[in-house]
Amino acid sequence: MKFLAKRLLGCVFFMAAWPAFAQVSTALLAVPDGWLVTPAEAREFKGEEGFYEQPALRPRAMMPQIDILKPETVADMKVKAPFAISVLFKGQSDAQIDPSTFKVLYGTFKVDITSRITKFVKVTKEGFALESAQIPAGKHRMTMQVTDEKQRVAERELRLEVE
């Protein structure tokens, strides 16, 4: 009897969450050309709330690394759209970076926007460069991830304010 009650409760929870999940999934389908995140998505996926969250702590020893070359680090991290994003991957001597594992997650909900970047650039084991990233005005957080051949994950956040 308890098993059946738990199963029913799980179904009710899933059905209650389904509209929000369906809304996120369908919102990612139609995007104007050149936009990584649209103004509506920035609001819906809580981009500004993600900007203020504490970054995740990860150990650095024997892990691959992601270095953000552009936009250049400044005190307030304000940029004007469109802007350049340039990223360098550094693997360890015992394993190379696997570019097929690259991901970009946006905002608090960590919505996968990888295909919007890979549509314009080729990601290699050395990194990538995107000359014209289009993001609406406001504060944003993008989390980049890549894995090496030994399945070690590198993660780096890019927090910026677009004027």
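**Exercise 1. Find which residue of β8 stands opposite lysine 78, then place that pair in the sheet of this predicted model.**

Step 1: Look across from lysine 78 and you land on glutamate 161 in β8.

Step 2: Now check the strands. β2 covers 78-79, and β8 runs over residues 153-162. The two pair in the parallel sense, with 2 bridges.

Step 3: Zoom out. The open sheet has 5 strands, ordered β2-β8-β7-β4-β5, and its pairing is mixed. β2 is one of the edge strands, pairing on one side only; the other edge is β5 (111-112).

**Exercise 2. Follow β4 to its two partners and work out the sense of each pairing.**

Step 1: Start with β7 (residues 138-148). β4 (residues 97-106) pairs with it in the antiparallel sense, over 6 bridges. Here leucine 105 sits opposite threonine 143.

Step 2: Move to β5. It is joined to β4 by 2 bridges, and these strands run antiparallel too. Tyrosine 106 has valine 111 of β5 as its bridge partner.

Step 3: Check the turn. The β4-β5 hairpin leaves 4 residues between its strands, and glycine 107 there has a positive phi near 70 degrees.

**Exercise 3. Work out which residues touch the most other members of the largest nonpolar core, and list some neighbors of leucine 36.**

Step 1: The core holds 32 residues, and the best-connected are Leu36, Ile85, Phe89, Phe128 and Met144.

Step 2: See who contributes. Strands β1, β3, β4, β6, β7 and β8 each supply at least two core residues.

Step 3: Leaving out residues up to four places away in sequence, leucine 36 touches, among others, Ile85, Ile113, Ile117 and Leu130, along with Glu41 and Arg116.

Conventions
Residues are numbered from 1 along each chain as its sequence is written. This is a predicted model: local features need pLDDT of at least 70, side-chain atom pairs count only at pLDDT 80 or more; totals for chains, interfaces and linings use all residues. Side-chain values use heavy atoms; hydrogens and water are left out. Two strands pair if DSSP finds at least two bridges between them. A nonpolar core is a set of buried Ala, Val, Leu, Ile, Met, Phe, Trp, Tyr and Cys residues joined through side-chain atoms within 4.5 Å. Buried means under 20% relative accessible area, exposed over 50%, partly exposed in between (1.4 Å probe, protein chains only). Contact means heavy atoms within 4.5 Å.
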